[in-house]
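Okay, hi everyone, thanks for making room for me today. I'd like to walk you through one structure, a few stops at a time. Let me put it on the screen.

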Amino acid sequence: MPAHFTHASLRRPDRLRLLALVTLLTTAGGCQNSQEPTTENRPFDVDATVASMTLEEKVGMTHANSAFTSGGVERLGIPELVMSDGPHGVRHEHTRYYDKATDAEDAGTYLPVGTALAATWNEELGYAFGEVLGRETAYRGKDVILGPGINIIRDPLNGRNFEYMTEDPFLNGRMAVGYIKGVQDQGVATSVKHFIANSLEYERRFVNVEMDERTFREIYLPGFKTAVQEGGALTVMAAYNKFRGDWSAESAFLLDDVLRGEFGYEGIVMSDWNAVHRTLPAARVSLDIEMGTDLSQEWNEPDYDAYFLADPVIAMVRDGALDESIIDAKVRRILTVMKRIHMFSGDRPAGAYNTPEHQAVARRIADESLVLLKNDGLLPLARDAVKRLAVIGANANRKHAGGGGSSQVKALYEVTALEGLRRLLGDGVEITFAPGYDIAPDATANEDLIASAVEAAGAADAVIYVGGLIHGYTDAWDDNAYDAEVLDKPDMMLPFGQDALIKAVLAANANTVIALQSGGPVDMRAWVSDTRAIVQAWYGGMEGGNALAAMLFGEVNPSGKLPMTFPARLADSPAHALASYPDEQLLIEHTEGLFVGYRYFDSYDVEPAFAFGHGLSYTQFAYADLSVESVDEGVEVRLTVTNTGDRAGAEVVQVYVHDNESSLKRPVQELKGFDKVELEPGASAELVIPLDKTAFEYYRPAKGPDEGGWLLEPGLFSVLVGSSSRDIRLRGEVEL
Ligand code: BGC
């Protein structure tokens, strides 16, 4: 049921209007034309405006003036820039814009989390996700949504993996582009975060990340490069961590040389909240806005004028320690982005909120995100064969939207798995719910709860177990846990005694489906081989429960694929096998180098529990007629895919490249293309998947007098086409 309020009620009160702008343009000499322009191209003259500003006015724009705004200049009709988290919904009103009168009205659409979106491998859904988010952001009167989060998923323990997308740089870029365009087509800016290598939460404001140049170029940079160059992201958020000894928000290498210099990025760089540490280094590099708040998260307003990029900058310019032109350049970039998102013309699309269309998009993404990890024929469950169903696991009855840190969403509603099953099955099926475990700090196996769960399982025709992880015990930061900001997971084990519970339930009823909610892998060794069906359900957004129920009972044919490898145990993950968790020296050394995710498992021959790209369907697909042809732009891969089963379904066809011979060691295969195709039973489709030349290159680090750079080393390449990284169906070769 949509909230009934006009968007004006949640718009910030101080949005400055056209009249002020016209005054500005006349006084700044930027407007020769008094006609009413209607597009973003109206004659707002950025240079003339900057020239007319005092130093204080300019510096007022380069730092936060409340937890989610940076300063405007009323005299010149420049509004504040208003931001909101992000990344899978518009966060509730808090801090300065919290208003008790409208507090009940800021509950919006809760989309599936980042890993769930990536698991769809559907670029159109990336766009649809962004479109919903952008429309809701605009409606709520915000200018910037703080997402997408695209840090590479390197370590299963990272608390924020659920907000990110994948371990693979190519998939990362593809999903980010859709998201960014979807948002920005609504006249709202995205903020691609966190630049760069913020792949653990442990002491995130103080750790130093070290990695070799090739790893940096091949694994960690490509997602950001694609996001700014192809996605056209208008803002980038610099990470908390140090990179090679410099704070990310103060790094001339990251911001000036790579982002601006190499990528040609002209948008805004803002800091993560309180990620700036010093005035001169931050002012000198092309960081534009220092953001931050009261670190206690109690939303006390600190003295924003004392920020590093506030009064201290004014003093330094006056003293001659800093050239004012550096500040001008920052303000120019900020104003240019403001102009792009219609902040001066007032003609940003109004957006929309809580529409049935938005809920339908949340549902479609949830449907396509479900990954059927294992199925020996138990699924789909037949409605007429299940008269008594046991639903076991406290997660089945749990809402997740409000937890996890800054990505929390106040959801208009959230359909739990239990509710979804009840809705789908109606009165015809008797559903017994047994929580089976306590969700509480340090809770271990609870024998009484296990006994009730076993009883319910024994009396049922089928059991649906819904367990996994949580974002926290409550929605408070102090209670964050597992998949949450500011802290990492203690290990990869299921908490609250779930292994013992699952084993007992499986012994009581073999017709048990295990569905797991989590941002990534958990250790399943205790029971995986005794299980008939396993579903990875992520955190599926407001429609997650409906999607899961529909998939379990065959109304939706699963088509999600893992966007990350699921290791059998933590020690098998490259960040633990080849590197170590940071110690008190606060150094995160990526000693595994390029061998992140499947690049490690495949190159070092380690068996994963479930491979990157894996995901089953209720139908089967046959692959045939591969041709791999060299064309001007690169290589064209063609093949025919046929749905050979008796249900309609969608398949994600994945293209990996293997370099048959190279002078430097390369991962044995790397994802360079994919396509998702929907096919009716018996139907075939010819797919054409282009690979540009960069798909075959690797980065050769500088050696002696030779400069480093991307290199396409001529020779034979294998092109591997499959249904997962470990289920390659067709192989071809091409000489380049
Ligand atoms: C997070 C960012 C977030 C910001 C604002 C930081 O703690 O790392 O991702 O956008 O807070 O809430």
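First, a word on labels: helices and strands here are DSSP runs, with at least four residues for a helix and at least two for a strand, and they are numbered from the N terminus. With that in hand, we can place Pro-87: this residue sits in the loop between strand S3, residues 81-84, and H4. Keep in mind that we're looking at a predicted model.

So what joins Gly-86 and Pro-87? It's a cis peptide bond, with omega at about -15°. There's another cis bond between Phe-195 and Ile-196, and there omega is about 15°. Ile-196 is in a loop too, the one from strand S5 (189-195) to strand S6 (208-210). Why stop for these? Because most peptide bonds are trans.

Okay, on to the ligand. Which residues come nearest to the ligand? Out of 14 residues around the ligand, those are Asp-85, Arg-160, His-194, Asp-272 and Glu-485. If we sort that shell by class, we get 7 charged, 5 nonpolar and 2 polar residues.

Let's look at some atom pairs. The side chain of Arg-160 has an N or O atom 2.7 Å from an oxygen of the ligand. For His-194, a side-chain N or O atom also has a ligand oxygen at 2.7 Å. With Lys-193, the distance from a side-chain N or O atom to a ligand oxygen is 3.0 Å. And how much of the ligand does the protein bury? On its own the ligand exposes 310 Å², and 97% of that is buried by the protein.

Next stop, backbone angles. Phi of His-342 is near 65°, so we have a positive value in a residue that isn't glycine, and that catches the eye because most residues other than glycine have a negative phi. You'll find His-342 in the loop between helix H12 (324-340) and H13. His-342 counts as buried because its relative accessible area is 17%, and the cut-off for buried is under 20%.

Val-486 does something along those lines: phi is positive, about 80°, and this isn't a glycine either. Look for Val-486 in the loop between strand S14 (462-468) and H16. Is Val-486 buried or partly exposed? At 43% relative accessibility, Val-486 is partly exposed.

Since H13 came up, let's zoom in there. Helix H13 runs over residues 356-369, and those 14 residues reach 20 Å from first C-alpha to last, close to the 20 Å you'd expect at 1.5 Å a residue. Its buried residues include Val-361, Ala-362, Ile-365 and Ala-366. What covers the buried residues of H13? Among the covering elements are helix H5 (123-139), strand S11 (371-375) and helix H17 (544-552).

Two more residues before I stop. Gln-498 is in helix H16, residues 498-508, and it counts as buried because its relative accessibility is 0%. Setting aside neighbours within four places in sequence, Gln-498 is in contact with Tyr-437, Tyr-465, Gly-467 and Gly-468.

Then there's Phe-610, in the loop from helix H19 (598-603) to strand S18 (621-631). Phe-610 is in a loop, yet at 9% relative accessibility it counts as buried. Beyond its close sequence neighbours, the contacts of Phe-610 include Leu-373, Met-524, Ile-534 and Phe-566.

That's my tour, thanks for listening!

Notes: Residues are numbered from 1 along each chain as its sequence is written. This is a predicted model: local features need pLDDT of at least 70, side-chain atom pairs count only at pLDDT 80 or more; totals for chains, interfaces and linings use all residues. Side-chain values use heavy atoms; hydrogens and water are left out. A residue is near a molecule or strand if one of its heavy atoms lies within 4 Å of it. A polar contact is a pair of N or O atoms within 3.5 Å; within protein, one must be able to donate a hydrogen and the other to accept it, and residues adjacent in sequence count only if both atoms are side-chain atoms. Accessible areas come from the Shrake-Rupley method with a 1.4 Å probe; for residues, only the protein chains shown count as cover. Ala, Val, Leu, Ile, Met, Phe, Trp, Tyr, Cys and Pro count as nonpolar, Asp, Glu, Lys and Arg as charged, and the others, Gly among them, as polar. The expected span of a helix is 1.5 Å times one less than its number of residues. Buried means under 20% relative accessible area, exposed over 50%, partly exposed in between (1.4 Å probe, protein chains only). Contact means heavy atoms within 4.5 Å.
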